[in-house]
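Reader: I would like to go through this model with you by way of questions, each argued from the coordinates. Could you show it to me before we begin?

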Amino acid sequence: MMQPLQGSFVALVTPMSANGSLDFDALKGLIEWHIESGTDGIVSVGTTGESATVSVPEHLEIIEKTIEFVGRRVPVIAGTGGNSTEEAVALTQKASELGADYVLIVTPYYNKPNQEGLFQHFIKIADSVEIPQILYNVPSRTACDLRPETVMRLAEHQNIIGIKEALDSSERLSELIRISQAIADQKGFSVFSGDDPSFNSFMANGGDGVISVAANVVPKYISQICSLNLSNQFDDAKEINSVLKNLYELLFIESNPIPVKWMLNKMGRIQPGIRLPLIPFNQAFHEKTINEMIKLKLI
């Protein structure tokens, strides 16, 4: 039986030069920093990694380089979702061939499938590719919501081993935890938060960890909060998490990954590149963000 995944997983940015070309030297540097900082795993080419604007060959090259740079030291979770089921199957197959440990598959965006359509989409991928798969529900971006009753059905598939839930809802978390516990005798099923501002309370109430945007800039903090929660030191985790309250707000003051890439650039870790239709961080937020970064000793 596979052990559940737990802890701090960074939704890693994809570093780009000012003209938008991929910067693999910076990617390697980020990965080394994350491993040194206690990050438990790397999520490659998710939303934060600008999966929507890289080409398929680039998408696969980012996954390949990430696997190479990580060198089996921590798990690599490759983002392989799509709103075409056939494309998601193909990306998942390729990620498996490249050596990813897991894949993260977002609900099909824009199409607005119903629950049966979502079920069939994920089952088709799970039946087609032999790799551990994590469902990803983020209704604010996809215009569809993967309901717990559908997750329950999907969780019975041997290749589906967890979910990243970005809905900030204690009721939703409770339902997902119940699903995880109901199948615990058959296999591990990890329940991750995909919402930085609420992940600490999510973990305090039974969540396994977070797939985090904030971990891009404060990997040690997020790793520490996760470790404390997993060892039932909830007050200490809450205290550290409260220090990051303003940072969480700033990270989502404009569409992710605009703010986080700007911060990493100010920290000297990446070049300023981001791809259209996303544009550089609004000048109106610069001073406030710089002040918070100084307070957290990031610059």
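Author: The questions below deal with the nonpolar cores, the rings, the backbone and two helices of this model, which is predicted.

Reader: Which residues have the most contacts inside the largest nonpolar core?

Author: The largest nonpolar core has 83 residues. Apart from it lies another core, of 15 residues, including Phe 9 and Phe 192. In the core of 83 residues, the most contacts inside it belong to Val 217 and Ile 222.

Reader: With which residues is Val 217 in contact, leaving aside its neighbours within four places in sequence?

Author: In soluble globular proteins, nonpolar side chains tend to be buried together. Val 217 is one of the residues with the most contacts inside the largest nonpolar core. Once its neighbours within four places in sequence are left aside, Val 217 is in contact with Trp 33, Leu 247, Val 260, Met 263, Leu 264, Met 267 and Leu 298.

Reader: What kind of aromatic pair do Trp 262 and Phe 281 form, judged by their planes?

Author: The structure holds 3 aromatic pairs. For Trp 262 and Phe 281 the ring centres are 5.2 Å apart, and the planes stand at 50 degrees. Planes under 30 degrees apart would count as stacked and those over 60 as edge-to-face, so with 50 degrees the pair is tilted.

Reader: Where in the chain do the two partners of that pair lie, and how many residues apart are they?

Author: Both Trp 262 and Phe 281 are buried, and ring pairs link the two with Phe 285 into a cluster. Trp 262 belongs to helix H12 (residues 258-266), while Phe 281 is in the loop between H12 and helix H13 (286-295). The pair thus links distant parts of the chain, 19 residues apart.

Reader: Which charged residue lies over the face of Trp 33, and at what distance from the ring centre?

Author: A charge sits over a ring in two places that can be described here, and one of them is the charged end of Lys 65, over the ring of Phe 24 at 5.7 Å from its centre. Over the face of Trp 33, a residue that is also in contact with Val 217, lies Arg 269, at 3.7 Å from the ring centre.

Reader: Which residues does a cis peptide bond join in the loop between H12 and H13?

Author: Most residues other than glycine have a negative phi, and most peptide bonds are trans. A cis peptide bond joins Asn 256 and Pro 257, with omega about 10 degrees, but Pro 257 is placed in the loop between helix H11 (245-251) and H12. Pro 277, by contrast, has its place in the loop between H12 and H13, and the cis peptide bond there, with omega about 10 degrees, joins Leu 276 and Pro 277.

Reader: Glu 50 and Lys 297 each have a positive phi; is Lys 297 buried or exposed?

Author: Glu 50, with phi near 60 degrees, lies in the loop between strand E2 (41-44) and helix H2 (56-70), and its relative accessible area of 4% makes it buried. Lys 297, with phi of about 60 degrees, is placed in the segment after H13. Its relative accessibility is 73%, and the cut-off is over 50%, so Lys 297 counts as exposed.

Reader: What distance separates the end C-alpha atoms of H2, and which residue with a positive phi follows the helix?

Author: At 1.5 Å a residue, the 15 residues of H2 should span 21 Å, and its end C-alpha atoms agree with this, being 21 Å apart. Among the buried residues of H2 are Leu 60, Ile 63 and Phe 69, and the cover over its buried residues includes H1, E2, strand E3 (76-79) and helix H3 (85-98). The helix is followed by a residue whose phi is positive, near 55 degrees, and this is Gly 71.

Reader: Which backbone nitrogen lies 3.5 Å from a polar atom of the side chain of Gln 133?

Author: Gln 133 lies in strand E5 (residues 133-137), and it is buried, with a relative accessible area of 2%. Its contacts beyond four places in sequence include Thr 92, Phe 122, Ala 126 and Asn 159. The backbone nitrogen that lies 3.5 Å from a polar atom of its side chain is that of Ala 126.

Methods: Residues are numbered from 1 along each chain as its sequence is written. This is a predicted model: local features need pLDDT of at least 70, side-chain atom pairs count only at pLDDT 80 or more; totals for chains, interfaces and linings use all residues. Side-chain values use heavy atoms; hydrogens and water are left out. A nonpolar core is a set of buried Ala, Val, Leu, Ile, Met, Phe, Trp, Tyr and Cys residues joined through side-chain atoms within 4.5 Å. Buried means under 20% relative accessible area, exposed over 50%, partly exposed in between (1.4 Å probe, protein chains only). Contact means heavy atoms within 4.5 Å. Rings of Phe, Tyr and Trp (its six-membered ring) pair if their centres lie within 6.5 Å; planes under 30 degrees apart count as stacked, over 60 as edge-to-face and the rest as tilted. Helices (H or I, at least four residues) and strands (E, at least two) are DSSP runs, numbered from the N terminus. A charge sits over a ring if NZ of Lys or CZ of Arg is within 6 Å of the ring centre and within 35 degrees of the ring normal. The expected span of a helix is 1.5 Å times one less than its number of residues. A polar contact is a pair of N or O atoms within 3.5 Å; within protein, one must be able to donate a hydrogen and the other to accept it, and residues adjacent in sequence count only if both atoms are side-chain atoms.
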